[in-house]
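Please open the model in a viewer and keep the selection panel at hand. The stops below indicate what to select next and what is found there.

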Amino acid sequence: MRILLCGANGKMGKVVYECASAFENADVVAGVDPYGENDKFPLYHSFDEVETEADVIIDFSHPAMLSSMLKYAIKKKIPVVVATTGIDEKGLQEIKNAAQEIPVFFTANMSLGVNLISELAKKAAAVLSPDFDIEIVEMHHNQKIDAPSGTALLLADEISSVLDNEPVYEFDRHSKRMKRSKNEIGISSVRGGTIVGEHEIIFAGTDEVIKISHSAYSKKLFANGAINAAKFIVNAKKNGLYSMKDVLEEA
Ligand SMILES: NC(=O)c1ccc[n+]([C@@H]2O[C@H](COP(=O)([O-])OP(=O)(O)OC[C@H]3O[C@@H](n4cnc5c(N)ncnc54)[C@H](O)[C@@H]3O)[C@@H](O)[C@H]2O)c1
């Protein structure tokens, strides 16, 4: 599997390169990144310049790369694994449109564990709502740009899907002086040091609290998840939008 790595010079790009060498039949053959240089493989500064043929694109970059990457993938008819977070509504629509023409794997969290706790949280919410208040706390390193994390939003969206009333997401209690409403999910972000990624879903009831949490100890978790996702969509071959749920179902 020849991988074209988008965001090749970023923290995750470097880890994907390292992890790919441990996989049988997976190689980073080139990278795309508007910034920096690289002596390990050909590096292009934009998708217009790419000359290396690949079987799949793995993207850990920035939402600004999304449009040109999808355009290139559609032109070359190659599947894409989009792991970049902080993508807005317009970008999400572009991903859905692209999935009609190529296989696209998109998830805010490439770890099987997070996708599993998402299922557990859905089960808990279905049983505990509306008596328990639901809060999500996420913690990441001090270099992360987007807040809350894409994973916190993914968890909130999954939980919302099983609630009778669509909840309001409360990101900022500071600007309001009022009690928490019943129909909300509070989402709080902590940023500091080198924390790889912590997510905790808190179900707070009367005299009892249930917590479901996941801790990532290394970025390799996400890199290996993305390479496995790439294998999955290269084999799936059919156009469409895929996520970790599809991998979990197959497991
Ligand atoms: N889905 C997941 O499981 C998962 C896991 C970890 C990180 N991520 C996401 O992957 C992305 C990359 O993470 P990272 O830690 O490698 O970040 P990083 O800042 O280290 O790397 C980002 C890369 O994108 C490039 N880039 C391209 N266009 C850019 C622009 N307009 N502005 C800034 N940089 C630009 C940078 O040059 C850099 O090489 C982030 O969105 C992050 O949230 C997702």
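Begin by selecting β4 (56-59) and strand β5 (residues 80-82), which run parallel and are joined by three bridges. Helices (H or I, at least four residues) and strands (E, at least two) are DSSP runs, numbered from the N terminus, and two strands pair if DSSP finds at least two bridges between them. The model is predicted: local features need pLDDT of at least 70, side-chain atom pairs count only at pLDDT 80 or more, and totals for chains, interfaces and linings use all residues. Residues are numbered from 1 along each chain as its sequence is written.

Within this pair, V80 in β5 is the bridge partner of I57, and I58 stands opposite V81 in β5. Now add β1 (2-6): β1 and β4 run parallel, joined by four bridges, and I3 stands opposite V56 in β4.

Which residues of β4 are buried on each side? V56 and I58 are buried on one side, and I57 and D59 on the other, so that both faces are covered. A residue is buried if 20 or more other C-beta atoms lie within 10 Å of its own, exposed if 12 or fewer, and partly exposed in between, with C-beta atoms placed from the backbone.

Extend the selection to the whole sheet. Seven strands form an open sheet with parallel pairing, in the order β3-β2-β1-β4-β5-β6-β12. Its edge strands, each pairing on one side only, are β3 (43-44) and β12 (240-242).

Next, select helix α1 (residues 11-20). M12, G13, V16, Y17, C19 and A20 are its buried residues. Their cover includes β1, β2 (27-32), β4 and α6 (220-236).

Helix α1 also leads to the ligand: with three residues, α1 gives the most to the shell around it. Of the 23 residues around the ligand, those that come nearest are G10, M12, H62, A64 and M110; a residue is near a molecule or strand if its C-beta atom, placed from the backbone, lies within 6 Å of it. By class, this shell has ten nonpolar, eleven polar and two charged residues. Ala, Val, Leu, Ile, Met, Phe, Trp, Tyr, Cys and Pro count as nonpolar, Asp, Glu, Lys and Arg as charged, and the others, Gly among them, as polar.

Move to helix α2 (residues 66-76) and helix α3 (residues 89-98), which pack at an angle of about 5 degrees with their axes 10 Å apart. Therefore α2 is roughly parallel to α3, a term for angles under 35 degrees. Axes are lines fitted to C-alpha atoms, for helices over the stretch in contact, and angles run from 0 to 180 degrees between N-to-C directions. L66, S67, L70, A73 and I74 in α2 meet G91, E94 and A98 in α3; contact requires C-beta atoms, placed from the backbone, within 7 Å.

Finally, select strand β10 (residues 197-204), whose side chains alternate. G197, H199, I201 and F203 point to one face and are buried, whereas E198, E200, I202 and A204 point to the other and are not. Strand β7 (residues 133-140) runs antiparallel to β10, joined by seven bridges, with E135 opposite I202. Strand β11 (residues 209-216) pairs with β10 in the antiparallel sense over eight bridges, and G197 stands opposite A216 in β11. In the hairpin of β10 and β11, four residues lie between the strands, and D207 takes a positive phi near 65 degrees.

Note on methods: Parallel < 35°, antiparallel > 145°, perpendicular 65-115°, else oblique. Contact = placed C-beta atoms within 7 Å.
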